[in-house]
Amino acid sequence: MAPSRARPAASLLASLAVLASCSAFNLPSSPLGFSARPLQHAARLSPPRPASHPSPAARRTGARGLCAQIKFADAVEEVLKRKYVKKNRVPRVIKSWRRMDEDFLYRAEVPEYETVQECNSYIEGLKPRPFHDPYQFEWAQKLRDSAEIVQEEFKRVACDGEDSLYEQGNNVWVTAANSTSAESYGPDWKTLALMDRCVWDQTNVKLFPKTTKLLRDLEVPCIEAFFARMMPNSVIKPHSDYCNFALTSHLGLDVPEGQCWIEVGNERREWRNGEMLLFDTSLMHKAANEADQKRFILMLRVWHPDLNPSEVDAIKYIFDCLDEPEIIERDIRLLAPELLGMPAMKKPSGMHFGADEGGRRLQAKAKAKKDTAKAKDAKKAAKKEDAKEGDAEAADGEGGEGAEEEAEDKGKAPEPYEVPRAGRYFLHDDRRGGDDDEGEEEEEESLVSGKDSARREYV
């Protein structure tokens with residue numbers, strides 16, 4: 001089996017909470033089991049030196065010099081501010097990030113649903129509601145219509161071929177990774193991950209290629225995607241997933257209908273085979289499988305629809321920095337070298353300042369320009385070819401008279417040929433939204449390299 005990053009399989013949405021009261025580049029586990037890659041930077045920060053007297057260590061030792069001068073949370077905040085400086089598009093994300101560094105926990109009564117919302121990853125302005133209509137979203141409608149594809153593949157690979165799955169898969173049917181989640185979910189709720197924090201599990205997606213292709217093709221706005229198994233006669237205790245910037249969606253795969261339910265606040269719904277549910281797990285919720293057989297679902301964490309595209313980009317950037325701290329080390333030097341007492345760096349040629357990750361908008365514009373030029377050349381060539389064929393036919397059919405007309409035509413200036421203006425090339429991504437002018441501004445503001453951004457997909 002190919003090596004893969006070890007990831008907790010359940011409740012991975014703590015994200016912003018991971019830096020609560022942490023030292024520079026020393027990331028503790030969150031209450032939900034979210035864990036970043038183990039880091040070697042652990043020292044508490046000393047005060048930064050004045051810009052006119054940079055630390056020799058900062059020049060000499062790279063990352064360690066950075067750690068000695070600026071806290072990880074501060075570095076991320078500074079880069080976010082400078083990435084999205086125009087129109088201040090991500091103040092809610094920055095505020096949430098800063099609160100996480102202050103041991104923040106949001107807790108509020110929601111009287112209309114007789115429940116409580118509890119989050120340490122809390123973005124303001126996202127109205128809590130137990131259940132949403134999943135079929136207001138096109139991707140959910142199409143996923144329901146294609147449910148048989150997922151059900152058939154899951155049965156063949158995970159049920160009929162269970163022994164091979166354990167041998168070939170990665171983190172197959174694992175429980176919650178930390179005590180808080182494990183206590184709530186219990187030992188009878190286990191998962192098999194396909195995607196975690198927008199990163200596909202390269203081992204497991206090969207075992208479920210049809211399901212993976214379907215999620216990609218439908219452009220499901222996933223943060224996470226995994227299969228979830230609930231054992232017979234088991235319960236999940238009331239709990240919150242501590243994050244309000246994502247909603248949770250379920251597709252019933254193999255469900256003992258009428259005997260399985262989930263309750264969010266004061267609303268209860270039952271799982272149905274081939275049908276979708278969409279709900280807010282930042283509200284207290286619980287579930288039960290009262291049947292004598294297992295319950296299987298495809299579980300998706302999707303971006304809250306009230307987030308704007310820049311906020312989604314900012315959160316994804318934070319995910320990247322948590323997994324690969326060298327990204328923030330590079331970007332803080334690039335965007336705010338004065339904070340480290342270092343000279344400004346030249347932007348690497350491979351790094352894009354684009355609205356889409358990896359500068360994909362810039363790449364798309366370059367491709368569109370190239371395609372337009374090719375189209376113009378092809379039009380001109382086709383016109384010349386048509387003209388030659390027309391001349392030949394005229395000479396063969398009209399004889400001397402045609403020759404005289406041809407001679408007259410040769411003396412005239414050719415009529416101008418107007419090439420139609422090619423339409424601008426847009427990346428097809430309904431979730432990113434926003435007007436084009438805003439996208440143009442983002443091109444000069446957003447800092448994400450092609451290498452780094454390839455890890456995160458809009459699927």
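**Entry 1: starting at a ring**

I began with Phe296, which counts as buried at 8% relative accessibility. My cut-offs: buried is under 20% relative accessible area, exposed is over 50%, and partly exposed is in between, with a 1.4 Å probe and protein chains only. Before going on, a note on the source: this is a predicted model, where local features need pLDDT of at least 70 and side-chain atom pairs count only at pLDDT 80 or more, while totals for chains, interfaces and linings use all residues. Residues are numbered from 1 along each chain as its sequence is written, and side-chain values use heavy atoms, with hydrogens and water left out.

**Entry 2: the whole chain**

I count 15 helices and 16 strands. Both are DSSP runs numbered from the N terminus: H or I over at least four residues for helices, E over at least two for strands. The chain has 459 residues, and 51% of them count as buried. I get about 21,900 Å² of exposed area, with carbon and sulfur atoms supplying 50% of that. The areas are Shrake-Rupley with a 1.4 Å probe, and for residues only the protein chains shown count as cover.

I also looked at contacts, meaning heavy atoms within 4.5 Å. Among those between residues at least 6 apart in sequence, 75% join residues at least 24 apart.

**Entry 3: the sheet**

I traced an open sheet of 7 strands, in the order β3-β12-β9-β14-β6-β4-β5, with antiparallel pairing. Two strands pair if DSSP finds at least two bridges between them. The edges are β3 (131-132) and β5 (199-200), each of which pairs on one side only.

Then I walked across it. β9 and β14 run antiparallel, with 8 bridges between them, and His250 stands opposite Met299 of β14. Another 8 bridges join β14 (residues 295-303) to β6, again antiparallel. On that seam I find Arg229 opposite Phe296 and Ala225 opposite Leu300. Ala225 has a bridge partner on β4 too, namely Met195.

Strand β4 (residues 189-196) and β6 run antiparallel and share 6 bridges. Met195 has a further bridge partner, Trp200 in β5; β4 and β5 are antiparallel and joined by 2 bridges.

How much of β6 and β14 is covered? For β6 (residues 222-230), I find 9 of its 9 residues buried. β14 gives 9 of its 9 residues buried as well.

**Entry 4: aromatic pairs**

A pair of aromatic rings is described by the distance of the centres and the angle of the planes. My rule: rings of Phe, Tyr and Trp (its six-membered ring) pair if their centres lie within 6.5 Å; planes under 30 degrees apart are stacked, over 60 edge-to-face, and the rest tilted. That gives me 12 aromatic pairs.

Back to Phe296, then: its ring centre is 5.1 Å from that of Phe154 and the planes are at 55°, so I log the pair as tilted. Phe154 lies in helix α6 (residues 147-160) and Phe296 in β14, so the pair ties together parts 142 residues apart in sequence. Phe154 is buried, at 2% relative accessibility.

I also checked Phe245 and Trp303: their centres are 6.0 Å apart and their planes at 25°, so this pair is stacked. Phe245 is in the loop between β8 (242-243) and β9 (246-254) and Trp303 is in β14, 58 residues apart, which makes this a link between distant parts of the chain. Both Phe245 and Trp303 are buried.

Which residues do ring pairs link into a cluster with Phe296? I get Phe154, Trp173, Phe208 and Phe227.

**Entry 5: cysteines**

I searched the whole structure for disulfides and found 0, taking a disulfide as a pair of cysteine sulfur atoms within 2.5 Å. Why no bond for Cys119? The closest cysteine sulfur, in Cys243, is 7.0 Å from its own, too far for a bond. Cys119 is buried, at 0% relative accessible area.

For Cys222, the closest cysteine sulfur is in Cys198 at 8.4 Å, also too far for a bond. Cys222 has a relative accessible area of 1% and is buried.

**Entry 6: a helix check**

Last, I tested the length of helix α3 (residues 72-83). The expected span is 1.5 Å times one less than the number of residues. For its 12 residues that should be 16 Å, and the end C-alpha atoms are 16 Å apart, which agrees. Its buried residues include Phe72, Val76, Leu80 and two with charged-type names in my list, Glu77 and Lys83.
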